[in-house]
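Please open the structure in your viewer and keep the selection tool at hand. This tour goes from stop to stop, saying each time what to select and what is there.

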Amino acid sequence: MSSQRSSVNTQRWALIAAGLGLFYVLVRHRHSMLGLLRRKLFLFGGSQSLHHKRIEVISSIHESQHILNELKTHCESFKVLGFDCEWITVGGTRRPVALLQLSSHRGLCALFRLCCMKQIPKDLRELLEDEDVIKVGVAPQDDAKKLSHDFGVGVSNTFDLRFMAVMAGHQAEGLGKLAKTHLNFVLDKNWRLACSNWEATQLDAAQLNYAANDALAAVAIFQKLSRDLEPRSFLNWRPIEFHQIRPKIEPFLDVDFTKGYTAGISNNSVSVSSSHPLTANAKQQKTLPKNKKQQCRNLGTQSKVFYDNCLLEAPDGELLCTIDRRKASWYLNQNLGTQISEHPFTVRLNFEPAGRAVGDVGRYYQTPKENQCVVCGRRDAYIRKNVVPREYRKHFPVVMKSHTSHDILLLCPNCHQLSNISDNKIRNRLAVSCDAPFKHRDGMVKYHDDQQLRSVKSAGKALLQQVDRIPTEKVAQMQKTILDYYAGEKQITQELLKRAADIDCRVENEDYCQHGKKVVDMYRDKFGGLIELERIWREHFLYTMQPKFLPELWNVNHNADRLEVRASEGRVDNADLVVAGLESVVSCNVSTSKT
């Protein structure tokens, strides 16, 4: 009997121990287990919306009204639409967009057969131009440009899903790989379907599925990546609210991913603080094998201190500003100052400076600066960021180009590249408002080589230096090239060959547009002065990057305040105040002080 009791007690204690062990495991790993369960359920839900989709084909304007109303209703709760286009190419020339796909988060995909319509329906145009509704996909800007070119419709607020993938710490991949990675769904990317006849009288089932799945997958991927971006407690099962995500992606709306300096973000192994909304939940990438070169943009990062915080004093001992060690040593080497102390390294000037520290402007330059990323606080690597880009600042008057350390901030590599990406949106807006196209490739160079001149120059050099090594037929061809250009010459001479060899191949580029200079000129002459242009860039930086570690007294209106101080001391020309847009302000302040 006692042995039976002992056996029962042993079994009971074994069960209790097993239960406690299971309870410990559940509590210890609750976050990862529930996170895995949540991801599995989301993957299932995302795939379900693709498997149980509803496809509506619209071939005429009168068929579109009901479906457009339904899409607008769906957008009331989640203002995101999957967006894609299909077209055909005939004889190497692209035909107008034949099919437009728009899908909602509820599984509805509307396929608008634009090739069958004489014009885009008014309500469809309004939906595409609605700034409150985000149109998502991979490279949606390209499709938007085609719609604008073919039908004169502006697609507002497109968003490339690769931006969100990078922000969440994932690889920037094509739509097919994104769907496989984040939805566990395989999109059919057969080239025969992609290149099929989208203008056919009737689209077959394979074409309909291909077109609808691309748009539906885009919305589902957006939802999944939204969850990766938004930190949540393990018990929080509520769906992500759109208003929580919108501010994080705002800087990347209508921005071309390929021009966004993103080559190095997806492979960057930098770990970033989750305090910043654009880099929250960024995952540290796996270390690449030693024999595999990391594909990333070369950034001039610094690990040594940028701010030495040496002190510069006036002859009477009043603190003027903090400077770096090299500048402090320069004053000593030029016998312009005397070292007062080593810690902190302090130099006292031997002459009266042009001005003293006045107000918050002066106190900003007196305050020591921290060697850290002003956005996330990282201290081990940083890059200097020009809040007002150099392409604009270099065209400012000297008084607004000197002493610009206020607009040079330190950012870590991740934050620096994200900031550069968001800058493109402001550049594009300035390009439109100032009629200053932001040229790429050929439009960025003032001169380019003329091919005919290059041929003449090449022929002249060859005939001067290597005529004995060139076949007779080739020599005759080169001589003809030179004589065709110099129409007044009848025969080849050494003098003519020297003229041809020394000819300048460069010709002025008619498409050249110096975007930065034109923007500066417009703000200087028409848009309220250069102070207003500075303000736009500073407010843009604050809004998009939301820096948590800005230097004390950093101010959007810093330069305006600095110029007003200098004007009150008679150290700035009135012409410079006019260019800055401060003449009336300073005049008012002067008259008030006299009163």
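What does the accessible surface of the protein chain come to, and what percentage of it belongs to carbon and sulfur atoms? The surface comes to about 32000 Å², and 51% of it belongs to carbon and sulfur atoms; areas of this kind are computed by the Shrake-Rupley method with a 1.4 Å probe, and for residues only the protein chains shown count as cover. Before you select anything, note that this is a predicted model, in which local features need pLDDT of at least 70 and side-chain atom pairs count only at pLDDT 80 or more, while totals for chains, interfaces and linings use all residues. Residues are numbered from 1 along each chain as its sequence is written, and side-chain values use heavy atoms, with hydrogens and water left out.

**The whole chain**

Show the chain as a cartoon, and you can follow 23 helices and 16 strands; helices (H or I, at least four residues) and strands (E, at least two) are DSSP runs, numbered from the N terminus. Of its 595 residues, 45% count as buried, where buried means under 20% relative accessible area, exposed means over 50%, and partly exposed lies in between (1.4 Å probe, protein chains only). Among the contacts (heavy atoms within 4.5 Å) with a separation of 6 or more, 71% are between residues 24 or more positions apart.

**Stop one: a nonpolar patch**

Select Trp 13, Ile 16 and Leu 20, which make a nonpolar surface patch of about 350 Å². Such patches are made of residues with over 30% relative accessible area and no salt bridge, with nonpolar side chains (Val, Leu, Ile, Met, Phe, Trp, Tyr) joined within 5 Å and like charges within 9 Å. Leu 20 is found in helix α1, residues 2-28, and Leu 20 is exposed because its relative accessible area is 55%. An α-helix has 3.6 residues a turn, so residues three or four places apart point the same way.

**Stop two: a covered strand**

Next select strand β7, residues 134-137, where both faces are covered: Ile 134 and Val 136 on one side, and Lys 135 and Gly 137 on the other, are all buried. In a regular strand the side chains alternate between the two faces of the sheet. Add strand β2, residues 80-86, which runs parallel to β7 and is joined to it by three bridges, with Leu 81 standing opposite Lys 135. Then add strand β8, residues 158-160, which is also parallel to β7 and joined to it by three bridges; here Gly 137 stands opposite Asp 160. Two strands count as paired if DSSP finds at least two bridges between them.

**Stop three: an open sheet**

Now select the four strands that form an open sheet in the order β10-β9-β12-β11, with mixed pairing. The edge strands, each pairing on one side only, are β10 (319-323) and β11 (337-341). On average, neighbouring strands of this sheet are turned by 30° against each other, direction ignored, the axes being lines fitted to C-alpha atoms (for helices over the stretch in contact) and angles running from 0 to 180 degrees between N-to-C directions. Strand β9 (residues 310-313) pairs with strand β12 (residues 346-349) in the parallel sense over three bridges, and Glu 313 has Arg 348 in β12 as its bridge partner.

**Stop four: a buried leucine**

Is Leu 411, in strand β14 (residues 408-411), buried or exposed? Leu 411 counts as buried because its relative accessibility is 0%. Show its surroundings, and you will find that Leu 411 touches several residues more than four places away in sequence, including Val 374, Tyr 382, Ile 383 and Phe 541.

**Stop five: an enclosed helix**

Select helix α21, residues 558-568, which is largely enclosed by the rest of the structure, because eight of its 11 residues are buried. Among them are Leu 563, Val 565 and Ala 567. Just after α21, Gly 570 takes a positive phi of about 70°.

**Stop six: salt bridges**

The whole structure holds 32 salt bridges, each a side-chain nitrogen of Lys or Arg within 4 Å of a carboxyl oxygen of Asp or Glu. Select Glu 56 and Arg 54, whose side chains meet in one of them at 3.1 Å, N to O. Finish with Arg 356 and Glu 352, whose side chains meet at 3.0 Å, N to O.
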